[in-house]
Every structure is written in C-alpha cells, then in structure tokens.
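User: I would like to go through the enclosed and open spaces of this model and then the surroundings of its ligand. Please reason each answer through to the value or name I ask for.

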Amino acid sequence: MEKKWWQRSVVYQIYPRSFQDSNGDGIGDLPGITKRLPYIAELGTDVIWLSPIYASPNDDNGYDISNYQAIMKEFGTMEDFDALLKKAHELGLKIMMDLVVNHTSDEHDWFKESRKSRDNPYRDYYIWRDPKEGMKGGEPGAEPNNWGSCFGGSAWKYDETTGQYFLHLFSKKQPDLNWDNPKVRDEVFSMMTWWLDKGVDGFRMDVISLISKPEGLPDGTPSGTGYASWEGCATGPHLHEYLQEMNSRVLSKYDVITVGECPGVSMEQARQYANLEGTELNMLFQFDHMVTDYAEGTGRYGLTTLDLPKLKAAMNKWETGLEGYAWNSLYWDNHDQPRCVSRFGNDSSEYRELSAKMLGTCLHLMKGTPYVYQGEEIGMTNCPWESLDEINDIESSNNVRQNIEKGLIRQEDAIEIMRRQSRDNARTPMQWDDTENAGFTTGKPWLRINPDYVTVNAKDAANRDTSVYAYYRELIKLRKSSDLIVYGEFEMLYPDSSEIFAYTRTLGDEKLFVACNFTDHDAEVQAPDGFEGTERVIGNYEDAPKGSVLRPYEAIAVKIC
Ligand code: NOJ
C-alpha cells in the first residue's frame with residue numbers, strides 16, 4: 001500500500017466548549033483555541049480534530065447543528081475560525097472538522113420547513129412516518145416501530161402539525177436526515193466542499209455508520225428498556241454506496257484525513273469502509289474495546305468493571321483483522337468516554353502518572369493512527385461528582401434515569417455510575433494551571449472544574465521532565481521516527497493474562513516487544529526469544545526492570561534490529 005501522511009500522524013482532539021475561554025463567559029471559544037495552538041504543536045501531534053463548532057442550540061453540545069456554515073455564537077465568528085486555521089497551518093497543524101450529518105438540529109432551516117406540511121419541498125429531507133395502523137398519533141405504542149433513541153426513550157417524536165412522527169436516533173432535537181433523498185446528499189456534499197475549499201484538512205464523521213436506514217424500518221429485538229437498540233441501523237443497505245459517492249464527488253479531490261465513527265461495525269464492513277484502495281474513508285472508530293467493562297444487563301450505565309483479557313481481545317481483533325485490508329485508528333477516550341486513566345489505569349495520587357504513561361505506551365506503539373483527547377496528555381481524571389444536578393450530559397442523565405425507572409439500577413448507585421461513566425468526565429474544562437478555575441476562564445465555568453486541577457494541570461506538566469506530557473512528547477516523537485512502529489505487523493502475546501498487556505511488532509528484520517502491567521502490583525512477563533539483553537527504547541520508570549518482573553503500572557518497549 002502507498003504510504004500516507006495520516007498513517008504517521010497523531011491526532012489531538014479538542015472539545016471546544018471545554019478547552020479555553022477567552023472572553024470570560026465561562027465557555028471555551030475559538031480565540032481560546034488559537035492561543036493554545038503552540039501547546040499542541042509542542043506536544044508533537046500534527047492534526048487537530050475539532051468537535052463541532054457550528055451554530056447550534058446545544059441540546060447535545062454542538063452535535064445538533066442548526067447551520068453548517070456558521071459558527072456557534074458562544075465560540076466566536078467565522079473570522080475567528082479563519083484566524084485559527086491560518087495559525088494552525090503556520091504551526092504545521094492540520095484541522096479536521098467534525099461532520100455531523102446523520103441528523104441536524106430541529107432548529108435547522110431544513111427541518112423548520114420539513115415539519116410545516118406533508119408536501120413541503122423539504123419534507124423528504126427527514127424520515128417521517130404515520131402512527132402505527134389503527135392508533136392515534138402520540139398514544140403510547142403508536143410509534144411507527146420499536147426503535148429506541150441512544151439517549152433513552154423512543155426514537156420517534158409525534159408532530160401535531162402534520163400528524164406524523166419523525167425519527168431521531170439521538171435527542172428529540174436531532175431529527176435524522178433522509179440520506180436516500182439525493183437532494184440531501186447534494187446539500188451535504190456541497191457543504192463539505194465549501195469547508196474544504198476554505199482550507200480545512202479533513203473530517204471526522206459522526207455516527208456515519210447509521211446514515212443508511214434498513215429498508216422498511218422493521219422492528220428490532222427489544223432490550224431490557226423495552227426498545228430495540230440503534231444497532232439495527234448500523235451499516236444499512238446503501239451505506240457504502242453513499243460513502244463512495246461522497247468520496248468520488250468530494251473527498252478524492254483533496255488530500256485529506258477522514259475517520260468515520262462507526263458504532264456497530266463488523267470486521268467485514270470495516271474492511272470496506274477503510275479499504276486500502278481509498279474508495280471510502282481512511283479509517284474508522286470501532287467501539288469493541290469501549291464496551292468490555294460494561295455491566296451485565298445495564299450496559300454502560302451500570303456498575304462497570306475492567307476485564308483485561310476482554311479488553312485485549314477487542315484490541316487484538318482490530319489490530320489483526322484489519323491487517324492487509326484497512327488502516328486502524330487507536331483511542332482510549334474522547335468526549336463521549338470517561339477519562340482513560342480513571343477507567344483503565346489508576347487515578348490515585350500514587351499511580352496516576354505512571355498508569356497514564358503506561359496507557360499511552362500501550363496505545364501509541366500499536367498499529368494505527370493514535371488519537372489523544374484533550375487533557376489525556378496530562379493525565380486528567382474523572383470528576384468526583386457530588387450530585388446528579390451537576391451533570392449536563394444528556395446521554396448519561398437520560399439513561400441513568402431510565403435505568404432507575406426500569407429497576408435496572410439502584411438510585412443510591414446513580415452518582416457512582418456517573419463518576420465512572422458519564423460523558424461529562426471528559427468534558428470538565430481543560431486544566432491549564434493552578435489558579436482559580438484552572439486558567440480555563442475568568443468567569444463561571446459552564447461545567448464544574450475537576451478539583452484536582454491544583455496538582456493536575458498543563459503548566460506543571462509542560463515544565464516538568466517527569467510529567468505525563470513530557471512522556472507523551474517522547475512517545476509521539478518515537479512513533480513518528482519509526483517505520484517499525486507505524487507499519488510493523490502486530491501480534492498479541494499472553495492473551496489470557498489479567499495483569500499484562502504484551503505484544504510484538506515486526507517489520508522485516510526489526511522487532512519491537514511491548515509489555516504493560518495493568519495492575520498495582522509486580523507482575524511477571526517473559527520476553528519472547530531473541531530479546532534477552534536488548535535495550536529499552538522507552539519506559540515509564542526511570543530505570544529498566546530487573547529480569548522479567550514489571551513494577552506496578554510499568555510499561556516498556558524493547559527492540560531487536
Ligand atoms: C456521537 C458523538 O460523538 C456524540 O457526542 C453525539 O452525542 C452523538 N454522536 C450524536 O451526534
């Protein structure tokens with residue numbers, strides 16, 4: 001396969017609302033991001049994925065877009081965006097936009113028109129259906145099918161004006177677009193072209209696996225909540241056709257980076273999405289490793305536990321399953337997931353930095369393009385929420401409430417579940433320094449600041465050689481300089497160990513052995529033959545391990561060449 005720049009790149013994700021406020025309104029904004037670009041360039045990452053910055057009523061914090069070609073008021077203006085893009089390019093940073101086109105906001109002009117009448121020219125931009133036969137619209141059970149919204153409840157909302165329901169796989173304010181309508185595709189493709197002509201460098205495509213709905217919108221198998229999961233909508237019958245159309249009409253005309261968020265994707269489908277001929281997308285985000293700690297019966301919003309062999313099996317599946325077919329992406333967290341150091345590492349003061357470095361080592365030395373979520377590079381942790389009222393996140397609030405109502409979880413466990421799983425753990429403001437509000441804002445922050453900012457902050461991390469930030473910088477530099485790390489084949493070792501995550505990478509005569517201890521005690525690991533006496537390439541303890549014992553949360557990589 002021809003080598004591509006985005007295979008060697010490391011992507012840094014910014015959640016703009018929580019990155020840096022510049023005008024004291026308590027909400028992050030574009031000038032704030034521009035000011036912090038040197039910090040990102042210094043880390044060595046080369047692409048920034050910007051979570052949505054478009055006009056939005058913020059029912060789902062920007063993932064509900066009311067105008068794709070305007071900037072959200074709280075974030076600034078189009079001039080601010082142009083300045084950001086210019087500065088980023090000067091620093092050698094590319095900008096990847098979030099493309100949210102499975103749905104719009106219900107405040108988008110298309111939807112405002114669509115809901116006016118059954119014969120409005122925009123009616124077919126969305127998915128409208130009659131109530132179930134013989135039933136009255138709005139009555140319980142009259143929804144056109146049994147699909148549930150990812151944010152809880154039914155995926156259908158009845159609209160009095162025209163006596164029909166519209167589909168929303170996410171919130172009621174996020175109606176799904178009808179991709180089977182060629183006019184919708186024309187609109188989306190011309191909007192993408194507009195951004196690319198402006199100079200942006202690619203797109204992260206929000207829930208792109210859901211855009212083609214199954215023929216006839218059939219009922220699915222209901223889960224404990226009484227609704228069928230969105231999974232029935234994953235990779236529908238025309239998905240690849242639409243992505244190929246997008247590719248030939250738009251993407252193929254530019255040298256861009258694209259990654260599709262693909263919940264519910266199978267290996268076979270993924271090989272097609274991210275095929276090496278480049279007829280669709282460059283890579284995708286799968287979710288297998290994100291569900292390995294889910295609780296039986298309640299899924300994400302129950303009391304979760306880490307199961308290392310399961311986590312490794314999920315990572316291994318994608319490393320080996322895509323080899324030779326498609327390019328992989330690597331991530332531990334993002335704006336939808338808890339903080340990785342709290343989830344897969346150990347956020348106690350003793351082990352926070354060690355385990356954050358261990359997780360970084362484990363991920364960045366695998367095969368695929370790594371993604372760093374803002375704050376991960378300084379080891380930011382989950383937030384010790386004290387009350388459910390502090391939670392802003394629509395997904396965790398609705399699902400926890402629903403699970404309590406259905407008797408699936410106990411009210412008294414709700415706050416602990418939020419502390420472990422709410423998306424807000426990732427959305428607390430970036431911790432820049434130890435001054436009031438962590439240097440994020442001079443106003444009142446839109447979401448609580450994690451109280452550990454006094455010790456966990458970027459100022460300290462950027463100035464200290466032993467910090468997580470310094471280690472990530474070293475890791476990123478190492479990865480970029482090594483064909484073995486970018487292109488070597490992956491092989492998982494000791495899959496059943498519940499203490500050690502170990503693997504090798506091989507390219508020609510070169511071989512790398514990586515071993516990570518996921519526990520707070522010593523654990524033994526045997527290097528494969530040939531590695532005796534080889535030098536450590538990187539490690540998160542000052543000195544190399546003695547013999548075959550790794551210390552708590554120790555990570556090492558050694559190389560044969
Ligand atoms: C996935 C996004 O990452 C998430 O934040 C959002 O709520 C849903 N898609 C709906 O757009």
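User: Which element gives the most to the lining of the largest cavity?
Analyst: Two elements (DSSP runs numbered from the N terminus, helices being H or I of at least four residues and strands E of at least two) each supply at least two residues of this lining, namely α8 (308-322) and β12 (329-330). The model is a predicted one, in which local features need pLDDT of at least 70 and side-chain atom pairs count only at pLDDT 80 or more, while totals for chains, interfaces and linings use all residues. Residues are numbered from 1 along each chain as its sequence is written, and side-chain values rest on heavy atoms, with hydrogens and water left out. With four residues, the element that contributes the most to the lining of the largest cavity is α8.

User: How much space lies in the largest cavity?
Analyst: A cavity is a set of points, on a 1 Å grid over the protein atoms alone, where a 1.4 Å probe fits but cannot get out, and its lining residues have an atom within 4 Å of a point. The search of the whole structure returns four cavities of 30 Å³ or more. The lining of the largest one includes Gln 286, His 289, Trp 318 and Glu 319, together with Asn 328, Tyr 331 and Met 366. The space in this largest cavity, counted as that filled by probe spheres set on points joined across faces, edges and corners, is about 60 Å³.

User: Which element supplies the largest share of the lining of the second largest pocket?
Analyst: A pocket, in contrast to a cavity, is an open set of points with protein on both sides within 12 Å along at least five of seven lines. The second largest pocket holds about 400 Å³ of space, and of its 24 lining residues, Gly 152, Gly 153, Ser 154, His 168 and Lys 172 lie nearest its centre. Two or more lining residues come from each of β7 (156-159) and α11. With five residues, the largest share of this lining belongs to α11.

User: Where does the largest share of the lining of the largest pocket come from?
Analyst: The largest pocket has a volume of about 1200 Å³ and is the space taken by the ligand (more than half of whose atoms must lie within 2 Å of the grid points). Its lining comprises 50 residues, of which Cys 150, Trp 230, Glu 231, Tyr 294 and Arg 300 lie nearest its centre. The largest share, four residues, comes from the helix spanning residues 394-405, α11.

User: How far is a polar side-chain atom of Asp 336 from an oxygen atom of the ligand?
Analyst: There are 13 residues around the ligand (each with a heavy atom within 4 Å of it), and those that come nearest are Asp 60, His 103, Asp 206, His 335 and Asp 336. Among pairs of N or O atoms within 3.5 Å, a side-chain atom of His 103 is 2.9 Å from a ligand oxygen, and one in the side chain of Arg 423 is 3.0 Å from a ligand oxygen. For Asp 336, the distance from a polar side-chain atom to an oxygen atom of the ligand is 2.4 Å.

Notes:
Polar contact = N/O pair within 3.5 Å; in protein donor to acceptor, adjacent residues only side chain to side chain.
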